[in-house]
Amino acid sequence: MDSLAAVDWTAYETQATAAIGAALADSELEDARVHWLGRKSELALALRGVRDKESGMLLNGIRGRLEEAVQHREQELRRLAYQHAAERGVDVTIPGTPVKRGRLHLLTQIRREIEDIFLGLGYEVWDGAEVSTVWENFDALNTDAGHPSRSTLDTFYLDDDTILRTQTSPDQIRAMMTRKPPIYMVSPGRVYRRDTPDATHSPTFQQVECLAVDRGITLADLRGTVLQYFRLLFGPEREVRMRTSYFPFTEPSVEFDVTCFLCDGAGCAVCKHSGWIEMGGAGWVDPDVFRNVDLDPEEWQGFAFGFGIERIAMLRHGLPDLRAFWENDIRVLEQF
Ligand code: PHE
């Protein structure tokens, strides 16, 4: 037993224990372990050459105690790290504060739902511009010069010719000026009107515009498209009804109602006991609008509608006050 005889094992153990206990970091501890206990350490080599029981017991005893010392030091180092962190004011043993997960705003969820419905119907989704020319928002849409909605009391003017759009309908004009028919597009987005905010009015809200221009389109296509839209949004039992209305850029003009999705038409508080809910304006594209964008009304027909988006959210969730959408109170928004 050369190796056994050549080494003072008591001194070996003392030195190894001291080195392990003196390690100040995990890397130093690992170095000490490799040096005193590793595969090429004097201890490992000696153990490999052991032939008698006595030496084996001696060396295995040393190995066991040194391994324990390593484990012990490892725990101590971890405790020291915690202690240092605590001294700097960080108690790493305290469970972390749960991080709240973000979510999409209710209006964004509904807007995406609407986009999906129309993508499924083969429509193109547009991201229209909120800044519009007076021509796109009014003149091209047949709104005459004296119309009250043009007033600076109703509309936000950026300069004489530029405004924040009061409706998504100018996107109809842009679509027809930049695309060749057939056109099937929807354009959801914000619009602006100089209204004083209250429970049902806001200086900004969202609409979704829809425009279809093709040959041989009929009013039945408008009705069918709107019916499909409301059924996908509010359930398969919906029925729609058209009431005559007036918009300068559609002829004939209608307003759409849908059977109440809460009471199925029986009458309840949401539909004000009428069984119907008003959804917004629509109509047949006026021939003059086609002429304004250089399309031949003899060749092309089209329908358009513009429906509010906030209204859908309010009806669906029974929200009484429009302002909740813009106040961004997390306690309200995180419910959806
Ligand atoms: N732009 C109209 C509004 O804001 C709605 C509408 C759109 C009507 C398209 C007819 C056709 O009230």
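**Ligand shell and internal cavity**

By class, the shell around the ligand comprises five nonpolar, seven polar and two charged residues. Please bear in mind, colleagues, that the model before us is predicted.

Let me begin with the ligand site. Fourteen residues are counted around the ligand, and those that come nearest are Gln167, Ser169, Arg193, Gln207 and Gly306.

Which strands supply at least two residues each to this shell? They are β6 (204-214), β9 (276-285) and β10 (301-308). Of the contributing elements, β10 gives the most, with three residues.

I turn now to the polar contacts. In the side chain of Gln167, an N or O atom is 2.8 Å from a nitrogen atom of the ligand. Two further side chains face ligand oxygen: a polar side-chain atom of Gln207 lies 2.9 Å from an oxygen atom of the ligand, and for Arg193 the corresponding distance to an oxygen atom of the ligand is 3.1 Å. As for burial, the ligand on its own has 320 Å² of accessible area, and the protein covers 90% of that.

My second topic is the internal space of the protein. How many cavities of 30 Å³ or more are there? The count comes to one, and the volume of the largest cavity is about 30 Å³.

The lining of this largest cavity is formed by Leu106, Leu319, Ala324, Phe325, Val332, Leu333 and Phe336. Two helices, α12 (324-327) and α13 (330-333), each supply at least two of the lining residues. By class, the lining has seven nonpolar residues, with no polar and no charged ones, whereas the ligand shell includes seven polar and two charged residues.

Conventions
Residues numbered from 1 in each chain as written. Predicted model: local features only at pLDDT ≥ 70, side-chain atom pairs only at ≥ 80, totals over all residues. Heavy atoms only, no water. 1 Å grid on protein atoms, 1.4 Å probe; cavity = no way out; pocket = protein on both sides within 12 Å on 5 of 7 lines; lining within 4 Å. Points joined across faces, edges and corners; volume = space filled by probe spheres on them. Helix = DSSP H or I, 4+ residues; strand = E, 2+ residues; numbered from the N terminus. Nonpolar A, V, L, I, M, F, W, Y, C, P; charged D, E, K, R; others polar. Near = heavy atom within 4 Å. Polar contact = N/O pair within 3.5 Å; in protein donor to acceptor, adjacent residues only side chain to side chain. Areas by Shrake-Rupley, 256 points an atom, 1.4 Å probe, with all protein chains shown as cover.
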